[in-house]
Amino acid sequence: MITKNIKTIIACFITAVLAACQGDWDDPNNVPYGNSSINDENIITIAELKAKYPNVFEETDKNVKIEEDIKIKGRVTGNDIGSNLYKQFALQDETGAIIIAVNQSGMHGFLAEGQEIVIALKDLYIGGYHKQPEIGQPYNGTSIGRMNKDLFQQHFKYVGTPDPSVIKPIDFDVDMDKNEHCGKLVTLKNVSFAIVAGLGTFAPDSTVDNTVTIVGGCVNRALNEYSASDVVIRTSTYAKFAARKLPIEAETLKPIKCNITGIANRYVSGSRDTWQIMIRKESDIEILEN
């Protein structure tokens, strides 16, 4: 009887603690992340933000401090849940998208896909990371890099709760304007991976597969339907699905058609005119029936 009573007390205590924690999240004045004192004044669209700095994205090493008291509002369309987007997340509204660079891991724990947020931009920096639009802080003087995690906490606030159902990827088009569509969630439909040597995984460690070329900690995989100079699927060797086999039949080596969803970025090498698609998580790969 005593044991049963103790178990009941413990169960009630745990329930109360969980309820209290959930209550904290429900209270907009007691959210453990972000800055709830940010107001909704002077919100502009992401397209309007980019239009204010038309030349900053044309150079690979340029940043500009945002002096105006302006804000953007959008939904998180890509985070580090699959460990493929590193210390950054993609924010998108109805007009465009932009990468937010923060020197912090595990951001998916408080910035879930579909979470709407407001970011106060004053005193942050905007720049072109290899011509890719990005919000952050200066890096090596003129470049754009990640902002301090504590600084970011002071510059954003939540709007409602996550709703991933409202995130709708657009169909990928290799001729999309890169300034407008960089950072957007896209889907490449009915595509297949080119045959590769070695282990045939997304991003194997070079110590166990010397057939891969690793650039910046990532492996690029080509698609049969596109030139590799136009688009590649880019996967970090630290991604949770890095060791997954590419969708290619093992016995016949026949590529398997699939739909691939991810964040469309610019490749960091060469002319920066190649699209690189960053898969967010393993479920972004939809295998199609042959």
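This report describes the fold, cores, largest pocket and some local features of one protein chain.

## Overall architecture

The model is predicted, and its chain holds four helices and 18 strands. Of the 290 residues, 47% count as buried. Among contacts in the chain with a separation of 6 or more, 70% are accounted for by residues 24 or more positions apart.

## Strand β7 and its partners

Strand β7 (125-129) is largely enclosed by the rest of the structure, because four of its five residues are buried. On one pairing, β7 meets strand β2 (residues 61-65) in the antiparallel sense over five bridges, and within that pairing lysine 62 stands opposite glycine 128. Strand β7 is also joined to β8 by five bridges, again with the two strands running antiparallel, and here tyrosine 125 of β7 faces glycine 136 as its opposite residue in β8. The hairpin of β7 and β8 has two residues between the strands, and histidine 130 in this hairpin takes a positive phi near 50 degrees.

## Strands β13 to β15

A further antiparallel arrangement is found later in the chain, where strand β13 (residues 214-215) pairs with strand β14 (residues 218-221) over two bridges. Valine 215 stands opposite cysteine 218 of β14, and the hairpin of these strands, with two residues between them, contains glycine 216 with a positive phi near 60 degrees. Strand β14 pairs in turn with strand β15 (residues 231-236), in the antiparallel sense and over four bridges. Cysteine 218 also takes part in this second pairing, with serine 236 of β15 as its bridge partner.

## Nonpolar cores

As a general tendency, nonpolar side chains in soluble globular proteins are buried together. The largest nonpolar core in the model has 28 residues, and those with the most contacts inside it are Leu49, Phe89, Ile100, Ile119, Ile135 and Phe152. Two or more residues are given to this core by each of α2 (46-52), β3 (71-78), β4 (88-92), β5 (97-101), β6 (116-120) and β10 (156-159). Another core, of 26 residues, lies apart from it and includes Val191, Val219, Ile248 and Ile279. When residues up to four places away in sequence are not counted, isoleucine 119 touches Ile70, Lys71, Ile72, Phe89, Leu91, Ile100, Leu124, Phe152, His155 and Phe156.

## The largest pocket

The largest pocket has a volume of about 850 Å³. It is lined by 34 residues, of which Tyr86, Gln88, Tyr129, Arg146 and Gly216 are the closest to its centre. The elements that give two or more residues to the lining are β7, β8 (132-139), β9 (143-145), β15, β16 (258-266) and β17 (275-278). Strand β7 therefore appears both in this lining and as a strand with four of its five residues buried.

## Individual residues

Most residues other than glycine have a negative phi. Asparagine 42, however, has a positive phi near 60 degrees, and its place is in the loop between α1 (2-26) and β1 (43-44). Lysine 87 likewise is not a glycine and has a positive phi of about 55 degrees; its place is in the loop between β3 and β4.

Glutamate 180 lies in helix α4 (residues 178-181). Its C-alpha is 6.1 Å from that of glycine 96, although the two residues are 84 residues apart in sequence. Leaving aside neighbours within four places in sequence, glutamate 180 is in contact with Lys50, Gly96 and Ala97.

The accessibility of several residues is set out below.

| Residue | Relative accessible area | Class |
|---|---|---|
| Asparagine 42 | 42% | partly exposed |
| Lysine 87 | 17% | buried |
| Glutamate 180 | 40% | partly exposed |
| Cysteine 182 | 2% | buried |
| Cysteine 258 | 0% | buried |

Lysine 87 counts as buried because its relative accessible area of 17% is under the 20% limit, whereas asparagine 42, at 42%, is partly exposed. With a disulfide taken as a pair of cysteine sulfur atoms within 2.5 Å, the count for the model comes to zero disulfides.

Note on methods:
Residues numbered from 1 in each chain as written. Predicted model: local features only at pLDDT ≥ 70, side-chain atom pairs only at ≥ 80, totals over all residues. Heavy atoms only, no water. Pairing = 2+ DSSP bridges. Buried < 20%, exposed > 50% of the residue type's maximum accessible area, 1.4 Å probe, protein only. Contact = heavy atoms within 4.5 Å. Core = buried A, V, L, I, M, F, W, Y, C linked by side-chain atoms within 4.5 Å. 1 Å grid on protein atoms, 1.4 Å probe; cavity = no way out; pocket = protein on both sides within 12 Å on 5 of 7 lines; lining within 4 Å. Points joined across faces, edges and corners; volume = space filled by probe spheres on them.
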